[in-house]
Every structure is written in C-alpha cells, then in structure tokens.
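Thanks for coming. Please have the sequence and the model open while I talk.

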Amino acid sequence: MPTNTSPNSPSPQTHSRQAREAAACLRALTDSFDTPPAAMAYFFNLFETLHVQRQPLPRDHRPVFGSTCIFAPIELFQAVGARSVRLCNGSYHFDQIGADFMPAKSCPMVKATLGMLSSSSPAPDFGDLHAIINPTSCDQKKKSAHIMESMGHTVYNLSLPNDKDGDANRTYWRHSLRAFAKWLEQATGNRLTASKLKSSIHTIRRAEAVYRELDAFRTDHPSVFLGSHAFLVAQAFYFDDLDSWISAVEALNLELAERRNQKINAAQRKAPRVLFTGSPPSFPGLKLPLLIEEAGAVIVADETCSGQRLLHDIPAIEAWNTGTMIDNLADKYLKPCTCPIFPSPHDRIRRIRTLIDQYKVDGVVYQALSGCQVYEMEQTAVAKAMQDDKVPMLYVETDYSPDDKGQLSTRVEAFLESIKTMKRKRK
C-alpha cells in the first residue's frame, strides 16, 4: 500500500534525475489546477511512493511478470496466481540510458523501458521479475527482446498476427494465447482451471465497471474531472493491487458525483474540450497532456493504450470452460483493438469519431513520439478524416525531453485560441 505522503514532501531520493522528473510531474498534477478531488490523493501518493521515494513495489507470494504491452491479458496472470506489471516507461532520464542499447532515433518509450530495466535503481522497482512478456506489437519491441535477455531476463515473445481482420488472423491469435496460457502454467507451477479463470474475469470486470463509471463523468459539460488525472488513474492499474485500485476508483467516483451535484467543475464552462490520441503518454512523461490543460482546455477523452483503451472492452463469454474463455479473451484483446500496428486505420478513425460525438469534442491533439513510426505514419489518415469532419487537429511530434516545452506551449495555446474563435463564429 502507498504511504501517506504528500507529492510535495521531501524525499531521500530527490537527488535522482528520474525522481526529480516524477516529482515535477506530480507537482504539476496537483498545483497547476484548482483543488483536485481529495480521492486523487491515493493515486498521487502511489506514484510518489514508487517513482519519487523509489520504494519497492509491495510484494506478496505471487510471482511478478513484466509486460511491454496491454496485449498480454491480465486475466490469465490473475488466474495462475501471478501478478502483472506494465513496464512502459515515460522517463527522459531512463530514455537517455536506453540510448546505449537502441539507435538515437528509436521510440523513447522503448528506450526508457530498456533504460529502466538496466538501471541499478529502477523506478518503479518491481523487484526480480519472474519473466517479461513481450507482445510483438511493433518492430522495435520485437528487436528489444534480445536486449532484455542479455540483461538476464527471461522473455516470452507473445506472437501477434500481422492483421486483425479475417478468420485466419483470429485463429492465429487464439492459438498464440492458448500456447501462452500453457507456458504460464509451467512458469508458475500453477494449473489454469476454469473456476480460477472465471473468477479472474469477474474481478477484471469489476475494474472495468468502476473505470467506465469514472469515464462517464468525462462526458459532463462543464467537466468535473481532468484528463491528466484520468491518465494517472488508468496507469495506476498497471501495477497497483487490484482490489485497492478498485476501492480507490470507487471512492473517486463517489466524490465526483458529489462534485457534480455541487457544480464544482475542473475547468471553465467554455474550456475547449480536447480528445488526445496517438502515442500513449506514460508517467512521468505527461508533458503534452499537462500543457493542454494548463492552457485552459480539458482532455475529455483519449484514444490511447495508456488511457481509455485499456479497460474499454468487456469480453463476451460464450461458455465458462477454459478453452472457450481463453478464445473469448483473445477476441477481447484483438477485435476492438485500434493500435496502428495493423494495416488499416479505419477502426481507429471510427473510434475517434465515436468519441468526438460522445464527449462533445471541440478539437483533437495527436501526439507522435519521435521514432514511433506507426503513429507518425497513421497521423496522415487521421488528419484527413478530421479535415473531412471539420474537426480541428493539432499534430505534435515530440519526445520525453523538456527542451521543447516552451515551443509546444505556444503551439497548444494558438490551437486552443483557434478553437475558441471557431466556436464564437458559429454563434
């Protein structure tokens, strides 16, 4: 459990560049806005404990498996008595360390993840990882597998199909996930039974339900909840104790409902409503989301795998036997996925359009992390769709460095001002 520590309190690790990055991000999340919900203190304290104080993740008897992508089903880890943590890192400090392993123009997230794994003082400190599950979701992650192995980690490459459409690809992914389930049994020494998998699915459904309830508050106009805070809540799910996370989100939902009744808003009534999409922001690399909301807008929705995409889809279970449940989980993680690793951008564009309508979005901000080629390439198709729909879109190519914050702030402010001007002209 996180300690009862303020994000602004002194830390014995403040000399660390990574810890200073994390502390600065937490200060921005707490100090740059009006009083945040009291229930957010749980999440601030959690990230303070792991990233600033760099206390190890509380351990229990369960083996810990790292994952480099959300394609590794959490339900399977839970069902074999294991714990999964997502390794994707947003630290510029670890990005620079990771540059020793990857070319300079590589994805900052991959570099930062490798930098964290190679560090003698990683943050978060997940302890000795039983193994790393590396879904083959992009070429850079594929090629990073042997680097992680050279560091002494056991790596399981979870093979994805090249496309998600068609029966052959669906069958390929189902077989891949069944093989992974068997490997998990061997790796943990625990049998995957139908009753354990059913219980795990129901537990994750509880998490999905409370997250959907939280997400529904973001449709409010004016907004009662900030998108940068929503990113923090979603990313806590990657490593927090599941029951604790569910309880914390339930408490947050109760407080947001009370704030809604009392008309306590997180942003001004006329604040531009922004949808954030593209390369996923990972703590402490929340530079662009924070700049957007510090400039007076509110991120009411996101189409990223570090936010709404994580807990969006609930599996439809056709039969409660082990094989069918695994197949249904395979469908849950593949069929609705909008990741640009797949050839067609149509599902992602359709999802963005749905979010724009559902959350009454005024404009879209598309982030591409420098070196993240699939997101860089797909922005053209998304920009064309937004142009056809007459929805303003700002494309930003950036990395984890703080050096471009001034330039980005100017661009964001100009974009938001153009949205305000368009809205005034419509009246």
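I will go through two groups of strands and the helices that go with them. One caution before that: this is a predicted model.

Let's start with strands β1 and β2. β1 covers residues 64-67, and β2 covers residues 83-86. The two pair in the parallel sense, over four bridges. To find the pairing on your screen, go to Ser67, whose bridge partner in β2 is Arg86. Helix α3, residues 74-79, belongs here too: β1, α3 and β2 make a right-handed β-α-β unit.

Now look at the side chains of β2. In a regular strand, side chains alternate between the two faces of the sheet. Are the two faces of β2 covered or open? Both are covered. Arg83 and Val85 are buried on one side, and Ser84 and Arg86 are buried on the other. Buried here means under 20% relative accessible area.

Next, the second group. Which strands make up the open sheet, and in what order? There are four, in the order β6-β5-β7-β8, with parallel pairing. The edge strands are β6, at 298-303, and β8, at 393-398, and each of them pairs on one side only. From one strand to the next, the twist averages 25°.

Inside that sheet, take β5, residues 273-278, which runs parallel to β6 and is joined to it by five bridges. One contact point to look up is Val274, which has Ile299 of β6 as its bridge partner.

Last, helix α15, residues 405-426. This helix lies across β5, β7 and β8. Relative to β8, α15 runs at about 170°.

That's the tour. Thank you.

How values were computed. Residues numbered from 1 in each chain as written. Predicted model: local features only at pLDDT ≥ 70, side-chain atom pairs only at ≥ 80, totals over all residues. Heavy atoms only, no water. Buried < 20%, exposed > 50% of the residue type's maximum accessible area, 1.4 Å probe, protein only. Pairing = 2+ DSSP bridges. Right-handed = clockwise from strand over helix to strand, strands pointing away. Axes fitted to C-alpha atoms, helices over the stretch in contact; angles between N-to-C directions. Contact = heavy atoms within 4.5 Å.
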